[in-house]
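Student: Could you take me through one part of this chain up close? I'd like to see how that part sits against the overall picture.

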Amino acid sequence: MIHKHLSYYVRHLHHDIPAGLVVFLVALPLCLGVALASGAPLFSGLIAGMVGGLVIAWASGSQLSVSGPAAGLTVIVLNAIDHLGSFQGFLVAVVLAGMLQLILGFLRAGAIGAYFPSAVIEGMLAAIGLILIMKQIPHAIGYDASFEVDEVYIGETVRETVQSMMGALKAISPGAAVVSFVSLLILAIWESSFVKRVALFRLIPGALLVVAWGIIYNMMALRMAPEWAISSKHLVSLPVTEKPEDFLNLFTFPDFSFLAKPEVYTVALTIAIIASLETLLSLEAADKMDPLKRVAPTNRELKAQGIGNMVSGLIGGIPITAVIVRSAANINAGGQTKVSSFTHGLFLLLSVMFFARFLNNIPLSCLAAILLQTGYKLAKPKIFVEFFHKGWSQLVPFVVTIVAILATDLLKGIGVGIAVGLYYVVRANYHAAISLTKTDDRYVLSLNKDVTFLNRARLRQYFNQIEENSTVLIDGSKTQFIDHDILETIHDFMLSAQDNNIKVEARALEGKGQIQAEPELNAVMTKGKGKNQAKLDSKTTGALNKGQMQAVIGSKATG
C-alpha cells in the first residue's frame, strides 16, 4: 500500500465531502434498520455507523470501503441477545470479538481474501444489486412491510421477498411513488453527459437534490393536498434529543460480569469469524469497484475492524463490518479517499446531536431511489453480457453465485460460488497440465505445469495411447513440481515400455529429480537389437524414498 500524505486528502476534498454526505443519507436508514432487525436499541445501530466512519476509516488501509452495522449479522445478534438475556452482556461479546479480530490481523489471517475468485466477487455484487432493487421497490412506492434494507434478506426467503414486492404493488402510496419516480429521473439526468460537462452541476451530488426534492414535496403536499402527502411511518426516524447534552444519555455500557459466562465467548467467536469473512468479501468488492484499482491491505483491515468493534461494544454499538452497499454508494457518488467515509460518520454524529428533527422529514422513498440506482449499477445487463463473452468457466461461477445468494444468504452463496469456481480450476488444470503430441512414430509427452495426483488418470490415458515400436520423449522442462505419484507412474511406464519395444527418453523432470538414460542405451536402441530391458539399481530405490527418481535403463540383445 502506498502511504498517503495530508495534501493527497486535501486535494480530493471537493469529491469526498459530497460523497460522504450521500453515504450518510444512505447509511442513516440502514443503521436504524439493522438495529431494529437485530432486536437492539435503535441508537446502537447509529453508534456502529459513527464508529465505522470516525474510527475505522482512519485505521483501515482502504480508501473507499465504508464500515458500519451489517445485516449479515442480524440473526446472530438477535439470537445472542436473546440467549444471553441482556444487551449489556451482549456488548461484552462484541468487545471480545473485536479483540479476536485484532489477533487475526496480527496472525495475517487476512490473506484468505486473496483466494476469492473474481467471477464469484462479481456475482456477489450483482446479487446484492438485485437484492437492493427487490428490497427497495416497496419503500419506493410507500409500502414498508419490512424496514431493514441491506445486502442480505435478514431471515426472508426469495418467495417471501417476491410476495412482499407483489403485495406492495397492490398498496401503492401515491405520494411516495411520485417522490421516488421524480428522484430516479433526477438521478438519471445527473448521470447524463450534458450535466457532467457543466462544472457547477458536478459540484452538487444528485443524491442531495433528491433528498431536497423529497422534503420540499412533502412539505407542500401536507399544506396543499394532504391525500398526496407521505405519512410519518414512511419518513426517516431518528431519536430526538432536546439538548446536545442529552446525547450522552443514549449510550449503553457493557456489563463485564458476563465474562464469567462461557456462552459469551462462543458468541464472540461466532461474531469475529462471520464479521471477518464479510469484511474481507466487502473489501475485495470495493477494490474491484475502485476506478483507480487500489488494493487495500487485508491484515490491516482486520486490525481496523477489531479496533472498531472494541470501541463500538464499549459505548453501546452493535457489531461492525465493512459493508458493500455503502461502499458502492460511496464509489458511485465520486468518493476518492477515506475522507468520504470519515465524513459520513461525522454527519451521523452531528445529525443525532443537532439535526434529528430536520432529518426526520426525509421520505424513505427518495432514499430508496438512491439505492435503486446503486442496485442497477451493480447488476446492470452489460455485466451479464460481459461474462457471457468470457466463456463458461467465468459465466457459470458468476451465475451460480448470484442464484445461491438469492436462494440462501451472502456467506452460503459465496461458498457455493467458490466451490463451482474451484471445479473449473481443477478441470482446467486436469486438461492443461499434460499434453501428448505425435509425429510419425515419435511421441512427445509434455508436463506443462505443476503436476499432481489429480493428473495421474490422464497421464495413464496418454501412456495407453502410445503405440508399440515407437519413441517417447517425456519432457518436464516446463514444470517446477511433480508429485511423487506422477513420478511413480512414469517410472512404472518406463519399466513396462520394454514389452512393447517402446524407447523412452526423459528430460528435465525438475522438482523431483531427473530421469536419465545411460549412454549405452542410445547405441543399442539405434542398432535395433531386440527389446529394451530396464533395471532399477539400488541407488534408484534410495532416490525414490527421498521423492527423487533416477531410472537407469540398460539393454541387452536377445538371440
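Tutor: In this predicted model, residues 24 or more positions apart account for 80% of the contacts in the chain with a separation of 6 or more. The chain has 559 residues, and 51% of them count as buried. Its secondary structure comes to 24 helices and 8 strands. On the outside, the accessible surface amounts to about 25,300 Å², with 62% of that belonging to carbon and sulfur atoms.

Now let's look closely at the beginning of the chain. Leu6, Val10, Leu13 and Ile17 make up a nonpolar patch on the surface, and together they have about 360 Å² of accessible area. Two elements each give two or more residues to this patch: α1, covering 6-11, and α2, covering 13-37. Leu13 is a good residue to pause on. Leu13 belongs to helix α2, and with a relative accessibility of 31% it counts as partly exposed, because that class lies between the 20% limit for buried and the 50% limit for exposed. As for spacing along a helix, there are 3.6 residues a turn, so residues three or four places apart point the same way.

For a second helix to set beside this one, try α22, which runs over residues 484-496. Helix α22 has 13 residues and reaches 18 Å from its first C-alpha to its last, close to the 18 Å expected at 1.5 Å a residue. Its buried residues are Ile486, Leu487, Thr489, Ile490, His491, Phe493 and Met494.

Key:
Residues numbered from 1 in each chain as written. Predicted model: local features only at pLDDT ≥ 70, side-chain atom pairs only at ≥ 80, totals over all residues. Heavy atoms only, no water. Helix = DSSP H or I, 4+ residues; strand = E, 2+ residues; numbered from the N terminus. Buried < 20%, exposed > 50% of the residue type's maximum accessible area, 1.4 Å probe, protein only. Contact = heavy atoms within 4.5 Å. Areas by Shrake-Rupley, 256 points an atom, 1.4 Å probe, with all protein chains shown as cover. Expected span 1.5 Å × (residues − 1). Patch = residues over 30% accessible without salt bridge, like charges linked within 9 Å, V, L, I, M, F, W, Y side chains within 5 Å. Salt bridge = Lys/Arg side-chain N within 4 Å of Asp/Glu carboxyl O.
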